[in-house]
Amino acid sequence: MDVLNELVAWFTDPGQWSGPAGIPARTAEHLQYSLLGLLISALVAVPVGLLTGHTGLGGFATASLANFARALPTIGVLFLIVLLVGIGLMPVIIALVALAVPPILVNTHEGVRQVEPALKDAALGMGMRGREVLMHLELPVAVPLIINGMRTAAVQVVATATIAAYVGVGGLGRYIVDGQARQDLTMMVGGSLLVVFLAVVTTLLFAGLSRLLVAPGLRALAATGR
Amino acid sequence: MITFEGAAKHYPDGTVAVAGLDLTVESGRTTVFVGPSGSGKTTSLRMVNRMVAPTSGTVLVDGEDVRSQDPARLRRSIGYVIQQAGLFPHRTVRDNIATVPLLLGWGRSRARARAAELMESVGLEPSQAKRYPHQLSGGQQQRVGVARALAADPPILLMDEPFSAVDPVVRTGLQDELLRLQAELRKTVLFVTHDIDEAIRIGDRIAVFGPGGELAQYDTPERLLTHPVDDFVESFIGYDRGVRRLAFFPANELALREDVLLDDQDTVERALNTVDTAGQPWALVVDAQRMPLGWVDVDRLRHEPSGLELGRLTLTAYGHTFDVERDSLRAALDAAVLSPAGRAVGVDPDGRVLGVVSQADLGNAIWSVS
């Protein structure tokens, strides 16, 4: 098992674990881009989804836009934006946002839409204003689905942030890109394993987050739901 | 007081939900809107808290047009209970009940104290305060729904088919609870149902809505049963209205027979003497505390050894009894019809036998009140 031995050697080489090209530094870059991309996406998608869900307006537009964005090849978006604004971090973040917005937007919209009409009737009938219905009823009930969307987006973003290496801003993608260039299979597999590991950690993190943020009364529903 | 003045709701497609309602709902009373589906009863109710805007006419609360108030503010001053409770799944029972007080800015601790108070008055255990709606039964959820509507102590309570989604036994319990609460609180209750029995049971006044959103009759339950204005109302009430009307006459005016009561220590011989003197074919055996044990008939007694104690005989079941002080003629009649002896057993609140009444005697009593 040469590959395995070489991988072990690659991971255990002390040189791998320090310096600006070491695993810790690359992981930090990778996480930084992912987090930034996800954060911007959430800041855009959650409010828009809440608004379209609450008003019932733009539901079709939201879904169409999201499907369109889903069909975009991320690497294509990256190169297109590089052509427009030049190399740097910005094209990477924009490409990641284009990737992460659709699942968050669609889930937020759907999460608000699925609130039973009887509950909205009760909320309005008790004298809640539109904003109060949104904040006290629709948002809390939509939280499980929103977190679900964020998790999907986060895993995709972590896996896709490797593209940062194509435009020279580092991240774990460097191992894959450099490994490919040097025909160094060990390096490519090592980099990929790190990305997979991060994706798994991300999933676990969101599982914990949903425990924290979903009201206990909704957990039984969330467990059966989508 | 709630006044409907020519309140109508026409939809753009030509459907008439409410044809133009003129009606006054008295304060401190329970008024029921009853009718088949599509008769406009729910639409009319929802005009009161502006959940529906009439296309013509007005609705006034205490003389003031509801449209002169901000809808949210108006709704906070009117309790609202809907079918299947409509509780917020993410909030505990306590916080569900505290919804309106929190909207009114009472502060959390005062709102929660109020919620605890209400849980007690609607018959919920304090231990249920921190539970979530999905952990409660349908009947319990509806109790929370009622408590939530009462939280800010509104003078008016709108109840839109609140008990229609629970089973009949639970529904009766909820109706009893509402009657008890209402006797204490004296709210202006407007209650919508499609169940005429429920309407008669809880309403002080009943508005029967007909097809096309027309008000067919507005009367007391008793008047409705004795004088339905037309064929529609009569068929909607059902053809046993004569029997139902008996629910309005107390059973305490019945003449109960005590001369056919026998002690379980009595002998068969003594029993035969008693029934012969009374001229009755059946006698009721009771124990030392006058609790009923069962019926025994004359033919049977003639075949038993004369020295035998009645307590040693296998008696005929006495069926269900009626409470002389609290039940109506209807309950007494029902007990007599179901009794194998054709006689109903009247008891006091502790279940002790006061006397028995035969179907024939009941017939006379019914004749005299009709």
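Mentor: A residue is called buried if 20 or more other C-beta atoms lie within 10 Å of its own. Please keep that rule in mind as we discuss this predicted model.

Trainee: How many of the residues of chain A count as buried?

Mentor: Of its 226 residues, 40% count as buried. Each residue in that share therefore has at least 20 other C-beta atoms within 10 Å of its own.

Trainee: What makes up the secondary structure of chain A?

Mentor: Chain A has ten helices and zero strands. Its elements accordingly read α-α-α-α-α-α-α-α-α-α from the N terminus on.

Trainee: Which residues of chain A does UniProt list for "domain: ABC transmembrane type-1"?

Mentor: The unreviewed entry lists residues 27-206 of chain A. Over that stretch the chain is 83% helix and 0% strand, and the end C-alpha atoms are 19 Å apart.

Trainee: What makes two residues, one from chain A and one from chain B, a contact?

Mentor: Their C-beta atoms must lie within 7 Å. By that rule, 20 residues of chain A are in contact with 20 residues of chain B.

Trainee: Which elements of chain A give two or more residues to the side that touches chain B?

Mentor: They are α6 (117-125), α7 (130-160) and α10 (216-224) of chain A. The most comes from α6(A), with six residues.

Trainee: How many residues on that side of chain A are nonpolar, polar and charged?

Mentor: The side of chain A that touches chain B has 14 nonpolar, three polar and three charged residues. Leu and Val are among the residue types counted as nonpolar, whereas Asp and Lys are among those counted as charged.

Terms used:
Residues are numbered from 1 along each chain as its sequence is written. Chains are lettered from A and ligands numbered from 1 in the order in which they are written. This is a predicted model: local features need pLDDT of at least 70, side-chain atom pairs count only at pLDDT 80 or more; totals for chains, interfaces and linings use all residues. Helices (H or I, at least four residues) and strands (E, at least two) are DSSP runs, numbered from the N terminus. UniProt positions are given in the numbering used here, feature names are shortened, and annotations may be inferred rather than shown by experiment. A residue is buried if 20 or more other C-beta atoms lie within 10 Å of its own, exposed if 12 or fewer, and partly exposed in between; C-beta atoms are placed from the backbone.
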